[in-house]
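Work through the exercises below with the model open. Try each task before you read its solution.

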Amino acid sequence: PCAGPVESKNEAAMSELVPEPRQKPAVPMKPMGINANLLGYIGIDTIIEQMRKKTMKTGFDFNIMVVGQSGLGKSTLVNTLFKSQVSRKSSGWNREEKIPKTVEIKAIGHVIEEGGVKMKLTVIDTPGFGDQINNENCWEPIEKYINEQYEKFLKEEVNIARKKRIPDTRVHCCLYFISPTGHSLRPLDLEFMKHLSKVVNIIPVIAKADTMTLEEKIEFKQRVRKELEVNGIEFYPQKEFDEDLEDKTENDKIRQESMPFAVVGSDKEYQVNGKRVLGRKTPWGIIEVENLTHCEFALLRDFVIRTHLQDLKEVTHNIHYETYRAKRLNDNGGLPPMTTETEESHESNL
Amino acid sequence: IIFQGEGCRTVPLSGHVGFDSLPDQLVNKSVNHGFCFNILCVGETGLGKSTLMDTLFNTKFEGDPASHSQPGVQLKSNTYDLQESNVNLKLTIVSTVGFGDQINKEDSYKPIVEFIDAQFEAYLQEELKIKRVLHNYHDTRIHACLYFIAPTGHSLKSLDLVTMKKLDSKVNIIPIIAKSDAISKSELTKFKIKITSELVSNGVQIYQFPTDDESVAEINGTMNAHLPFAVIGSTEELKIGNKMMKARQYPWGTVQVENETHCDFVKLREMLIRVNMEDLREQTHTRHYELYRRCKLEEMGFKDTDPDSKPFSLQETYEAKRNEFLGELQKKEEAMRQMFVQRVKEKEAELKEAEKELHEKFDRLKKLHQDEKKKLEDKKKSLDDEVNAFKQRKTAAELLQSQAQQAGGSQTLKRDKERKK
C-alpha cells in the first residue's frame, strides 16, 4: 500500500500508518506574513514570559571539564568562576595526594542557585593528564569519557518509553589550560586540542597569567592563536557555527582579540581600596582577579557564564552530539535511515 | 570514573556569578529562532470557526466560507507569520471543511485523526533520520484543538462525543460553545453543566490548564471551571460609548465580544494565548507525541531491552526487521517470477495449439485442392477422350462421305450421258 501525495492546502487523508517515506506535512512551506494588519494587542509576546517561567522551574544542567597539567590552577579557577567550592579541590581532595599514574576522570556535581535559577553544575576534572613521563595518547581516556556521555544520552533518546527530561551529562565546555611558558604551545597541547576540538567545545585558557607582563601576554596570545590556526584547531566559538552576522561580528572579536583568555584564579579575599576582592597576595602587590587591567578572568567568566552558557549547551547538543549520533548509527552495520530506498523500491514494485 | 554528588548538595555562592542570565540567554535564542503555534479547529460548517480565528488574532485571515455539500471531511491548513514586539510567531490554523454535513458521519473523525497523526509521523521520521536537523525543523504538530460545539442548548451531539473521544489522547482539546449569543444566560449555565457531565461520563479527557505553578495556578484553576468557553466571534467594530469595539448588533441590543459578562471570549484568549501557549506546546511534545511515538515503535516491533544489554535494541530490531522485509520482498519477487513463467508456458501451449490447428487446416485445404485438381484432370481427360473419339468419327464419316460422293458422282455422270443420247 502506497500513501498518496499530500496536497498542501487540502485534504489530509493518509491511507496507512506503516513505515513509509516521510510525509510532507500538510502545511505550505511559504507562510503569509501578517505584520501590517495587526490591530490591537493579541498577546503572543507573552510567550517569552511563559517560556522563561517554565525553564526556571525545570532548572538547568551544566557540565564543565578542566584539562591541563597538575598545578596549573584548574580547580581554583573553577571555584573562582562559580564563586563556590565546586571543584575536586574542595571535596576531600588533598594536595599531598599522589598524582595518578594514568589519567583519571573525576566528576563532581553540585546544585547552585542564583536569582531563582537553579543550576546543576558538574565539574569534570582530569588529574594525571600530561603528568606522566610518556604522555602518549593521554587524551584517549578523556575522549572516551566524552563519547560515553553522548552514548548515554543517545541510549535514553532511543528508548521507546522515554523520560520526560533526559539527564544531560554531556560535556558542554572543556577548559584547556595552557602553561604560561611565554614561548609557544607544547606538542601535547596541540595533539589534545586537535583531537578533542572535533568532539567537544574547547576553550583554551592561559593559566597562572600573573607570571607574564602585559607585553609578554600579548605576544604569547598572538603566537598561540597563530599556532592554533596553523594546526587547524577550531576552538569555541567555532567559525562555522556562527548563526548570523551579529554572532559572527561578536565572535570574531572574541576569537581574534580576546582568546585565549589569560587568567588568574583565587578563592581568597583581600581588602583593596575599601572593597573585598578576590585576589592573590604577593610581596609586590595584590593581583585582583576580577580587575580587567590585571587579568582576563572577568572576560572568561562573562563569556562562559553570562553570554555564551546557553550557546555552549546548544552547540554541544545540536552539533557535537548529532555528529556522534550520525556516526554511531552509520557505523552500526551501515544502516540507512528509516526513509530508505528499500521502501521506495517496494512501492514501485507494487 | 569517579562520580560524586549524585544526591547533589546545594552549595552557597559567595558572590554574584551571573548564571541567572541563563533564562534570558535561552529566551533570546528562542526569540531569534522564532516560535511555532498550530491550532486545529474542529466543528460543523457555519459555526464561526474562521471568524473566531480572525477575532482572536485581530486580523482577517484569507479564505471563503465553505459550502454544505462537501462529500467528505477535509482539512484546510494555512500558515501565517505574525509579529508582535520582538516575537515572530509562525501560526498555522487548520480547519475542518465539511464536518457534520454528510448523511453518514461514521467516518467523519477519521481524516482529522489521520491529519494529527501525519504531523506526528513527520516529526518522528525527522527524529529517526541519521542526519537530522531537529532544531531547524518546522513543527507542524497540533498544539491545541478547539472543538466547536453547536449552541443547541441541550446536550452534545453523538458526533461530538465520538470525535472528541477519538482525539483526546492525541491532542489538547479545548471545547468551546460557538455562536453562544444564541443561548440565554440561564440556558448557558445548564448547557455547560450538561456538556461537562457528558464529557466526564464518556471519559473524554479535555485539556486542563496547569495548576502546578503558583503564579498561574489560581487563574488557571478558575478558568478550568468555566469550560467549555461560550464564545462569540466578530471582526466588525461598532462604536459603543466612545470606543470602537468588536461587537454584533441586533435589534434588541449589541453583543460585545470582549465584554466578559456577554461571553467568554476574553477568557479563551487569555488561556489559549497569553497564559498557556507554552504549556500547550510542551504537553503536545512530551505527552501526546511521546505516546504516538511509543505506540508507533511498539507497533513496528521495537522493544526496550534491559539497561545492561547491548545498546541499540532499536537498531538491532531494525536490522532484523529489514532482513525480514527484504526476505518478504524476495519471496514476492519469486512468486511473481513463478507466475510469469507459468503464464509464458500457458501462452506457449496456446500458441502451439493454434499452430497445430493451422497446419491441419492447411493440410486439409491442400488435400481439397489436390482432389479438385484430380477431378478436373479426370474431367479434362474424359473430355479429351471424347474429343478424340469425335475426331475419329469425323474422319471416318468424312471418308465415307467422300467415297459415297465418288460413287454417286460417277452415277450422276452416267445418267447425264444417257440423257444426252
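K296(B) counts as buried because its relative accessibility is 3%; buried means under 20% relative accessible area, exposed over 50%, and partly exposed in between (1.4 Å probe, protein chains only). This is a predicted model, where local features need pLDDT of at least 70, side-chain atom pairs count only at pLDDT 80 or more, and totals for chains, interfaces and linings use all residues. Residues are numbered from 1 along each chain as its sequence is written, chains are lettered from A and ligands numbered from 1 in the order in which they are written, and side-chain values use heavy atoms, with hydrogens and water left out.

**Exercise 1. Place K296(B) and find its side-chain partner.**

Step 1. Locate the residue. K296(B) sits in helix α8 of chain B, residues 277-299. Helices (H or I, at least four residues) and strands (E, at least two) are DSSP runs, numbered from the N terminus.

Step 2. Look for a polar contact. The side chain of K296(B) reaches that of E121(B) at 2.6 Å. A polar contact is a pair of N or O atoms within 3.5 Å; within protein, one must be able to donate a hydrogen and the other to accept it, and residues adjacent in sequence count only if both atoms are side-chain atoms.

**Exercise 2. Find where E290(B) forms a salt bridge, and say whether the residues are buried or exposed.**

Step 1. Fix the criterion. A salt bridge is a side-chain nitrogen of Lys or Arg within 4 Å of a carboxyl oxygen of Asp or Glu.

Step 2. Identify the partner. E290(B) pairs with R162(A), with 2.6 Å between the closest N and O atoms. This pair crosses between chains: E290(B) is in helix α8 of chain B, and R162(A) is in the loop between α3 (140-158) and β5 (173-178) of chain A.

Step 3. Check burial. Both E290(B) and R162(A) are buried.

**Exercise 3. Set two further salt bridges of chain B side by side: D139(B) with R141(B), and D371(B) with K367(B).**

Step 1. Take D139(B) and R141(B). Their closest N and O atoms are 2.8 Å apart. D139(B) and R141(B) are both buried.

Step 2. Take D371(B) and K367(B). Here the N to O distance is 3.7 Å. The two are separated by about one helical turn, because they lie 4 residues apart in helix α9 of chain B.

Step 3. Read the accessibility. D371(B) is partly exposed, at 40% relative accessible area. K367(B) counts as exposed, at 51%.

Step 4. Widen the view. Over all chains, the search finds 49 salt bridges. In chain A, a network of them links K83(A), E290(A), R301(A), D302(A) and R306(A).

**Exercise 4. Which residues make the nonpolar surface patch of about 270 Å²?**

Step 1. Name the members. They are F340(B), V341(B) and V344(B). Patches use residues with over 30% relative accessible area and no salt bridge; like charges are joined within 9 Å, nonpolar side chains (Val, Leu, Ile, Met, Phe, Trp, Tyr) within 5 Å. Areas come from the Shrake-Rupley method with a 1.4 Å probe; for residues, only the protein chains shown count as cover.

Step 2. Test one member. V344(B) belongs to helix α9 (residues 313-420) of chain B. V344(B) counts as partly exposed, at 39% relative accessibility.

**Exercise 5. Compare the annotated regions of chain B with its domain assignment.**

Step 1. Read the record. An unreviewed UniProt entry annotates residues 33-299 of chain B as "domain: Septin-type G". It also annotates residues 337-393 as "coiled-coil region". Such annotations may be inferred rather than shown by experiment; positions follow the numbering used here and feature names are shortened.

Step 2. Add the computed values. Residues 33-299 are 39% helix and 22% strand, with end C-alpha atoms 35 Å apart. Residues 337-393 are 100% helix and 0% strand, with end C-alpha atoms 83 Å apart.

Step 3. Turn to the domains. Chain B has domain 1 (28-298) and domain 2 (312-390). These bounds come from an automatic or database domain assignment. The domain centres, taken over C-alpha atoms, are 68 Å apart.

**Exercise 6. Locate the cis peptide bonds at P260(A) and P228(B).**

Step 1. In chain A, the bond joins M259(A) and P260(A), with omega about -10°. P260(A) lies in the loop between α6 (245-258) and β7 (261-262).

Step 2. In chain B, the bond joins L227(B) and P228(B), with omega about -10°. P228(B) lies in the loop between α6 (214-226) and β7 (229-230).
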